[in-house]
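Please look through the structure shown below, and then read the short briefing that follows it, which goes topic by topic.

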Amino acid sequence: MQEQLAKWNEMALRAGTALEPLAIDRIEVAAGALKTAADYIAGATAGESCVLLVADETTWEAAGETLLTHLAARGVRAERRLVPPDHQGDVVADERSLVHAMLGVRREQTRLLVAVGSGTIHDIVRFVAYHMQLPFVSVPTAPSVDGFNSKGAPILVNGEKITIPASAPIALFADLDVLVQAPAALVAAGFGDMLGKYTSLFDWRFSHAIAGEPYDELAARITRDALEACVAGRSRIAARDAEGIAVLMRALIASGVAMLLFGQSHPASGAEHHLSHYWEMDYLRHGRKQLLHGAKVGVASVEISAIYHEIVARAQFMDEPERAAGGPELARIEASWPDIKAWVKDIPEPHRLQELLREVGGPSEPSELGIGQELLARSLRQAHHVRSRYTLLRAFNTLVEPHEPL
């Protein structure tokens, strides 16, 4: 993807917008990329400096041990730090895991961190890299999320999910020999995370039009192109062959690049992610085993699609009493209503999203995740508080829902 990386940077420069330049130096999605990663790391370190590989037990077996062997063959001093699971058997990005990873850093010796794992390990490492002022290299072990090259870290603090500024990787090496061995559920989760872009792209347009939140068409186009490529390649993704996994991994990376360029997660995160975070925090409070992030996002996008299509079909926000009581936001919604209806048409109907999720073997409704009707209903009323974004779900809950719930 090195040529594509250069193209993205060139597009950002030509656009003349406030997009941030990409600080990532290298992106490779190929068989044997672990060897290339070792070459890169050897070149990026010198003398007595030490590399710290951060993983969990599963991801260490998947790629960490092999990478360590490659590094040793190149004379690179490397140590490992395995993040332990919690009492439920989940590795989570909470205070405990962050401190554990930080304690593996040798202040006078460690010069580079390597995240060997999926989304949670990357969130931990990018937080540690930022606060310890160290660069890090990304080595994904499953095509499960789009946050590998993000610079925001969703962290659990006192059981609440908050996104904290963190570091983006200086390079990313996705070895297809490793990725094709990832469990089918993780592949389906990555596809679900990408399907969530249908609703996140809508919410981004909506928040810009109604609440004046920043927007950039180039970042939106990169995300949209990645989504379309992912959906077009779904049969190969479902087959889990090298070509399909490459399509999915490149789409996930492109989504991360859009967030990097824009400097925030707007291109890839809307109401569907707010539902996912709400469910995660509820599970933690009740001591339940965690669900895969992308699986939650895929199912949440189905629920958000259903609500948004229903809002448009019933012409919510258009009743006279609501307009009189809604203030400036409602006036802007009324003025933008033709656009809003057109944007909602770009979101596939919920049954179509379910078909796509099932095609790659992922869950397609809350009950398959163990999410009951009470939690679902509560999350649809309250999840907009998880972030400050002005989504259509937030507008509905604050301007219309008290008068006429769906």
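**Core, helix packing and one exposed residue**

The largest nonpolar core has 90 residues, and those with the most contacts inside it are Trp279, Tyr308, Phe317 and Ile333. Helix α11 (residues 242–262) gives the most to this core, namely 13 residues. A nonpolar core here is a set of buried Ala, Val, Leu, Ile, Met, Phe, Trp, Tyr and Cys residues joined through side-chain atoms within 4.5 Å. This is a predicted model, in which local features need pLDDT of at least 70 and side-chain atom pairs count only at pLDDT 80 or more, while totals for chains, interfaces and linings use all residues. Residues are numbered from 1 along each chain as its sequence is written, and side-chain values use heavy atoms, with hydrogens and water left out.

**Helices α8 and α13**

- Helix α8 (residues 197–211) and helix α13 (residues 293–313) pack at an angle of about 50°, with their axes (lines fitted to C-alpha atoms, for helices over the stretch in contact) 9 Å apart.
- That angle makes α8 oblique to α13, because angles under 35 degrees count as roughly parallel, over 145 as roughly antiparallel, 65 to 115 as roughly perpendicular and the rest as oblique.
- Thr199, Phe202 and Asp203 in α8 are in contact (heavy atoms within 4.5 Å) with Ser301, Ile304, Ser305 and Tyr308 in α13.

**Thr58**

- Thr58, which is found in helix α3 (residues 57–73), is exposed, with a relative accessible area of 60%.
- Buried means under 20% relative accessible area, exposed over 50%, and partly exposed in between, using a 1.4 Å probe and protein chains only.

How values were computed: Helix = DSSP H or I, 4+ residues; strand = E, 2+ residues; numbered from the N terminus. Axes fitted to C-alpha atoms, helices over the stretch in contact; angles between N-to-C directions.
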